[in-house]
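Here are a few notes to read alongside the model. They go through the protein–DNA surfaces one strand at a time.

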Protein chains: 2
Amino acid sequence: MKYSVVVVDDHTLLSQAIESMVNTFDKFKVLYTCKNGGEVQEKFQASPRNIPDIVLVDVNMPVMNGIETTEWIVANYPNVHVLALSVEDADGTILKMLKAGAIGYLLKDTQKEVLEKALLEIMENGFYHTRNVTNLLLDSVSGKSSKNQVNFKENEIKFMRLACSELTYKEIAERMFLSPKTIDGYRDSLFTKLDVRNRVGLVMYAIKNKIFTP
Amino acid sequence: MKYSVVVVDDHTLLSQAIESMVNTFDKFKVLYTCKNGGEVQEKFQASPRNIPDIVLVDVNMPVMNGIETTEWIVANYPNVHVLALSVEDADGTILKMLKAGAIGYLLKDTQKEVLEKALLEIMENGFYHTRNVTNLLLDSVSGKSSKNQVNFKENEIKFMRLACSELTYKEIAERMFLSPKTIDGYRDSLFTKLDVRNRVGLVMYAIKNKIFTP
DNA sequence: AGGCTAAAAGGGGTTTTTCCTGTTTTTTAG
DNA sequence: CTAAAAAACAGGAAAAACCCCTTTTAGCCT
């Protein structure tokens, strides 16, 4: 009897490649792959037989979906273990994933054997070793990372994306059908909320947090 | 008898995952994987047994190594087919890969079956269908892409990286031990060279071209 | 209806950026 | 060594960005 795994990644090629890899492991078998959190919900709800033992979630999905997905799985299927896969770097995101209930994370430079070992550890001990480090990590970095659960409004997101272009604020205002002064307001409030000094800081935040993808 | 494939990607997890996938294909077998172009050179030169039929090169390797690797393979081993794998987007890079002699490219959303089909086509027809499109592409976009072989000086690179921070130009000048007016000069010349209007445009260029990694 | 709150808009100021025009200094090549 | 090229530097003006603080507007509440 093999343990069942589900892979969640918006890049088809990658999720399928990881599927192939996991399928070479003795004790594991991929049930299916998903392109995003929504698909996970559908599949899970479609049939209780489809609930896997482990879900491998890619951190890098647009607009925080990696985190939301993890939260949803942890809340609704507490017996399912979520393992975060960070193909690209993702700074604070990885901490948020852990906080959301992921049981461990693996970086892009992981060896195949390490992944297999991690999966085995999870099933046999209930956790992967990073779990121990997690809380310490969360505490030590919490000042910066854990309370940064910033909630954006629609317009703020829209504005941030436009700010990642060469448009002036005046031009952004036109495109959003708002007064330049309102845009000034958006900018200023985001500056303080995100603790940045200028537009470049805002742009970097948007990129790091997948609000804008270059 | 199976065709041999080599996977080049700096992300161990991904190259191994793709290895597993390719190994499930009937007619293909992965010889080994490499983390960068240098490793490819070593392996190729070590023994003629190491020369594969196809090399899968990830576009996203820091500082243009995807392109250099492709050029080297094409120049030294013309019988080896290079297929570019673009896990993340890479804009002009993909055109450069094709120009460097890659025989086709596959995007992140490729289906497993498509990859297998592409590999088969390459071995049986000598090219993957994108090859036909390549030259047209290169011509049609050449105005923007092919002549954009911009060469940067050390200081320009350094400046661009600093411009991707929240520093003002005056502060950048201090860190580079130069007059603010010199920095003005760097900026203005880069603006015209890269055809951007402002600092955000510069930042975006730096990120897209892997000069700065967020 | 009055009061509360949040989004939108505005006034007016300083600083930084952008875009010209140059000049001086340093490097390079013959 | 010298002419030419490249790099560093500058003055000044206009635009954009940044910052603080106030007012209007719109929706909600009981």
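1. One term before we start: a polar contact here is a pair of N or O atoms within 3.5 Å. Keep in mind, too, that this is a predicted model.

2. With that cut-off in hand, start at DNA strand D and chain B. An N or O atom in the side chain of K153(B) sits 3.0 Å from a phosphate oxygen of DNA strand D. S179(B) also reaches a phosphate oxygen of this strand, but with a polar backbone atom, at 2.9 Å. K181(B) is worth a look as well: an N or O atom in its side chain is 2.8 Å from a base oxygen of DNA strand D.

3. Which elements give two or more residues to the surface near DNA strand D? They are helix 8 (169-175) and helix 9 (180-194) of chain A, along with helix 9 (180-194) of chain B. Helix 9 of chain A gives the most, with four residues.

4. Zooming out a bit, there are 17 residues around DNA strand D. The ones that come nearest are Y169(A) and N198(A) from chain A, plus K181(B), T182(B) and Y186(B) from chain B. Of the strand's atoms that come within 4 Å of the protein, sugar and phosphate account for 65%. As for the make-up of this surface, eight residues are charged, five polar and four nonpolar.

5. Now over to DNA strand C, which has 16 residues around it. Here K153(A), K181(A), T182(A), Y186(A) and Y169(B) come nearest. Sugar and phosphate make up 64% of the atoms of DNA strand C that come within 4 Å of the protein.

6. What do S179(A), T182(A) and Y186(A) touch on DNA strand C? In each case, a phosphate oxygen. S179(A) uses a polar backbone atom, at 3.0 Å. T182(A) uses an N or O atom in its side chain, at 2.5 Å. For Y186(A), a polar side-chain atom lies 2.3 Å from the phosphate oxygen.

7. Which helix gives the most to the surface near DNA strand C? That would be helix 9 of chain B, with four residues. Helix 9 of chain A and helix 9 of chain B each supply at least two residues of this surface. By class, the residues near DNA strand C split into seven charged, five polar and four nonpolar.

8. If you only have a minute, look at two spots. On DNA strand D, find the base oxygen 2.8 Å from the side chain of K181(B). On DNA strand C, find the phosphate oxygen 2.3 Å from a polar side-chain atom of Y186(A).

Conventions:
Residues numbered from 1 in each chain as written. Chains lettered and ligands numbered in written order. Predicted model: local features only at pLDDT ≥ 70, side-chain atom pairs only at ≥ 80, totals over all residues. Heavy atoms only, no water. Near = heavy atom within 4 Å. Polar contact = N/O pair within 3.5 Å; in protein donor to acceptor, adjacent residues only side chain to side chain. Nonpolar A, V, L, I, M, F, W, Y, C, P; charged D, E, K, R; others polar.
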